[in-house]
Amino acid sequence: MEAREMRVLGLSAAEEHVYRHLLRNPGAQLDDVHILLRHSVDTVRAAVDRLRALQIIREDGGAAWAGEPQLVVARLADQRLEDLYGEIRVLTHLGPIIDALTRDMPVTAAPETVPTVERISDLKEIRTRLDELSFFARTEVLSAEPYDALSVENIEHARPLDMRCLRRGVIIRNLVRPAALEDPPTAAYLTELAAAGARIRVSGELTELMLVYDQHTALVPIDPKDTSKGALCARETGLVTTIIRHFERLWDSADEFSSLTGPAEPAGAELSETQRKVLVSMCSVGTDEAGARASGMALRTYRRHISALMQMLGAGNRAHAALLARERGWI
């Protein structure tokens, strides 16, 4: 599909042909236009009906005019985006579909045999398994990760999985080490997660990696001192329960992330014009997508600016960031 074609905006080929014909021939009669456009009468009639319904052509006394291209494209783009957002909202709430399909399975069907404890030594396979568990998580993800810093690659890989979970309403509880707060990119990402709804605490006692999905699947390293040796994926109830209890003990004694993150810049720090624009959008629009469009930048860039601003303000969430920004006179 070429960039100049209007299919991306939701128009069929016939609808685009009629619209372009009216752009070239303002006030044209539509009775015999199917002959010029080499479409059937029914196809052109349906195309005209839809263009009329979309309010991108105007008719008077049998003659028709095309709407201004700038207005037409903007209207179609908004409608297309709204349709896509609707589809995305449906795709992030798949639980009812899964439940309905599960009910259609025969009661007597033998369940697939899955090992209760699985040893995975291939690091690529471990990452794939983690991605799958995160993607299909439905209730809660517990994460205890004793890293001192996350690489940019790790952050970019984890962000869409974490944000997808949070958008679906999955609870994320994340334990990290104090050293993680000393690394600016890591601290900024943790701030971004907290702003999106994740619960983060900091524990100086954290030494072992633990991941638990939906209270029934846990991953721990085969050798806590050398994670490159692989991981154990456990579904055995007793083992998973023991891991959860250990996590909860650490969680109860850990410090709240927001109480340990202070302003990264002095109160008199000045904002750049871009930062000010992002801050105003963050406080005035309903979604990151709308904020990114209002700020004239890519969604990922917009979120990166928000993360940096929250780190600068020392805010635990976006509402807190808005309050602190107003106190400083930034907005």
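This passage looks at one strand, its two neighbours and the cysteines of a predicted model.

Strand E9 covers residues 217-221. Five of its five residues are buried, so the strand is largely enclosed by the rest of the structure. Its side chains can be followed in two sets: Thr 217, Leu 219 and Pro 221 point one way, while Ala 218 and Val 220 point the other way. All of these residues are buried, whichever way they point.

What lies alongside E9? On the one hand there is strand E8, made of residues 210-213, which is joined to E9 by three bridges and runs antiparallel to it. Tyr 213 has Thr 217 in E9 as its bridge partner. E8 and E9 form a hairpin, with three residues between the two strands. A detail worth finding in this turn is Asp 214, whose phi is positive, at about 55°. On the other hand there is strand E10, residues 231-234, which pairs with E9 over four bridges, again in the antiparallel sense. Here Ala 218 stands opposite Ala 234 of E10.

The cysteines come next. How many disulfides does a search of the whole structure find? The search finds zero. Cys 233 helps to show why: its closest cysteine sulfur belongs to Cys 165 and is 16 Å away, which is too far for a bond, because a disulfide requires the two sulfur atoms to be within 2.5 Å. Cys 233 has 0% relative accessibility and therefore counts as buried. Cys 283, with 27% relative accessibility, counts as partly exposed, because that class lies between the 20% and 50% limits.

How values were computed:
Residues are numbered from 1 along each chain as its sequence is written. This is a predicted model: local features need pLDDT of at least 70, side-chain atom pairs count only at pLDDT 80 or more; totals for chains, interfaces and linings use all residues. Side-chain values use heavy atoms; hydrogens and water are left out. Buried means under 20% relative accessible area, exposed over 50%, partly exposed in between (1.4 Å probe, protein chains only). Two strands pair if DSSP finds at least two bridges between them.
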